[in-house]
Amino acid sequence: MSTATSSPLAPLAFQGPLVRDPGLLPVLEMDGYLTGVLVTPHLETSQWVMGLWRERPAVDPARIEQGLITALTHRKAIETSFAKGWPGFTPAFCEPGHKTEHAKVRTWVKGFWSAMKLAPDYWSAIAEDERTATFVALFTGFMDIGEPFEEREDADEIRDEHAALLPRALVGMRKLALMREEQKPALRAMHSGKVGRNEPCPCGSGKKYKRCCAAA
């Protein structure tokens, strides 16, 4: 299944109150993971669905079904937010009117990074393409590399700038994924207005739109 087509799991109708499975990814991390799924083109459901759990769930159909409904409801909310375009899209680490907490972004990026690993060839190409490499660079300051290192003095200021740029850049990457999948109706549904060819690209690269995602 691709990023924009409806899931074959969607018709599931769990009978009973929806209680969040404690084995699922934490909400903030799941938001990052599902956002990553939605900005990665041509992912099949089978490729990402088991990543919703911190550990592979036991064979319990009712538990799995309820967990899937929780995740699909969350995914739909992200799709709805994406449809608002920029500046309407709001990832879970953002609190309108408040400075973004770096710890929240790190947790969110942990989930997003897990989704990126599902399509290493695609994301390697994104990182190597000068038109889109800036997008990947926005995440680097929030990734846990597993070992201490000396940071530059203005590292936190840079993180503040990158956290502020991420929502707009994610909208750009969602559009790029939809273009790769030729999902024209979903693209038209993103009410962000037309970007002028000489305006800054919404992916956050700093390049003109005509020399960035418009040329992808």
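Helices H1 and H5 pack at an angle of about 40°, with their axes 6 Å apart, in what is a predicted model. Because angles that are neither under 35 degrees, nor over 145, nor from 65 to 115 count as oblique, H1 and H5 are oblique to each other. Their crossing is right-handed. On the H1 side the contact is made by Leu28, Glu29, Asp31, Gly32, Tyr33, Thr35, Gly36 and Val37, and on the H5 side by Lys104, Thr107, Trp108, Lys110, Gly111, Phe112, Ser114 and Ala115. Sorted by class, the residues in this contact of H1 with H5 are 6 nonpolar, 6 polar and 4 charged.

One residue of H1 deserves a separate look, namely glycine 36, which is placed in that helix. With a relative accessibility of 0%, glycine 36 counts as buried, since the term applies under 20% relative accessible area. Once neighbours within four places in sequence are left aside, glycine 36 is in contact with Phe112 and Ala115, and both of these belong to the H5 side of the contact with H1. Glycine 36 also pairs in space with glycine 111, the two C-alpha atoms being 7.7 Å apart although the residues are 75 positions apart in sequence.

Helix H5 has a second partner in H8. The axes of H5 and H8 are 11 Å apart, and the two helices pack at an angle of about 50°, which makes H5 oblique to H8. H5 passes H8 in a left-handed crossing, whereas the crossing of H1 and H5 is right-handed. In this contact His102, Val105, Arg106, Trp108 and Phe112 of H5 meet Asp156, Arg159, Asp160, Ala163, Leu166 and Leu170 of H8. The class count for H5 with H8 is 6 nonpolar, 1 polar and 4 charged residues. Trp108 and Phe112 take part in this contact with H8, and they are likewise listed in the contact of H5 with H1.

Histidine 102, which is found in helix H5, gives a local view of the contact with H8. Its relative accessibility is 14%, and histidine 102 therefore counts as buried. Not counting residues up to four places away in sequence, histidine 102 touches Phe142, Asp156, Arg159 and Asp160, and among these Asp156, Arg159 and Asp160 are named on the H8 side of the contact with H5. Helix H8 also holds isoleucine 158, which is partly exposed, with a relative accessible area of 24%. The C-alpha atom of isoleucine 158 is separated by 9.3 Å from that of leucine 138, 20 residues apart along the chain.

A further packing pair is formed by H6 and H7, whose axes are 6 Å apart and whose packing angle is about 100°. These two helices are therefore roughly perpendicular to each other. Trp123, Ile126 and Ala127 of H6 make the contact with Ala133, Phe135 and Val136 of H7. The residues of this contact divide into 6 nonpolar, no polar and no charged.

These helices can next be placed in relation to the interior. In soluble globular proteins, nonpolar side chains tend to be buried together. Here the largest nonpolar core has 44 residues, and those with the most contacts inside it are Trp48, Leu52, Phe112, Trp123 and Phe135. At least two residues of this core come from each of helix H1 (27-38), helix H3 (61-83), helix H5 (102-116), helix H6 (120-128), helix H7 (133-140) and helix H8 (155-180). H8 gives the most to the core, with 7 residues.

For the protein chain as a whole, the secondary structure comes to 9 helices and 0 strands. Of its 216 residues, 43% are buried. Among contacts with a separation of 6 or more, residues 24 or more positions apart account for 72%.

Two features of the backbone remain. Tryptophan 86 and proline 87 are joined by a cis peptide bond, for which omega is about 10°, and proline 87 is found in helix H4, residues 85-88. Histidine 42 lies in the loop between H1 and helix H2 (45-48), and its phi is near 65°, a positive value in a residue other than glycine.

Note on methods: Residues are numbered from 1 along each chain as its sequence is written. This is a predicted model: local features need pLDDT of at least 70, side-chain atom pairs count only at pLDDT 80 or more; totals for chains, interfaces and linings use all residues. Side-chain values use heavy atoms; hydrogens and water are left out. A nonpolar core is a set of buried Ala, Val, Leu, Ile, Met, Phe, Trp, Tyr and Cys residues joined through side-chain atoms within 4.5 Å. Buried means under 20% relative accessible area, exposed over 50%, partly exposed in between (1.4 Å probe, protein chains only). Helices (H or I, at least four residues) and strands (E, at least two) are DSSP runs, numbered from the N terminus. Axes are lines fitted to C-alpha atoms, for helices over the stretch in contact, and angles run from 0 to 180 degrees between N-to-C directions. A crossing is left-handed if the near helix is turned anticlockwise from the far one by less than a right angle, and right-handed if clockwise. Contact means heavy atoms within 4.5 Å. Ala, Val, Leu, Ile, Met, Phe, Trp, Tyr, Cys and Pro count as nonpolar, Asp, Glu, Lys and Arg as charged, and the others, Gly among them, as polar.
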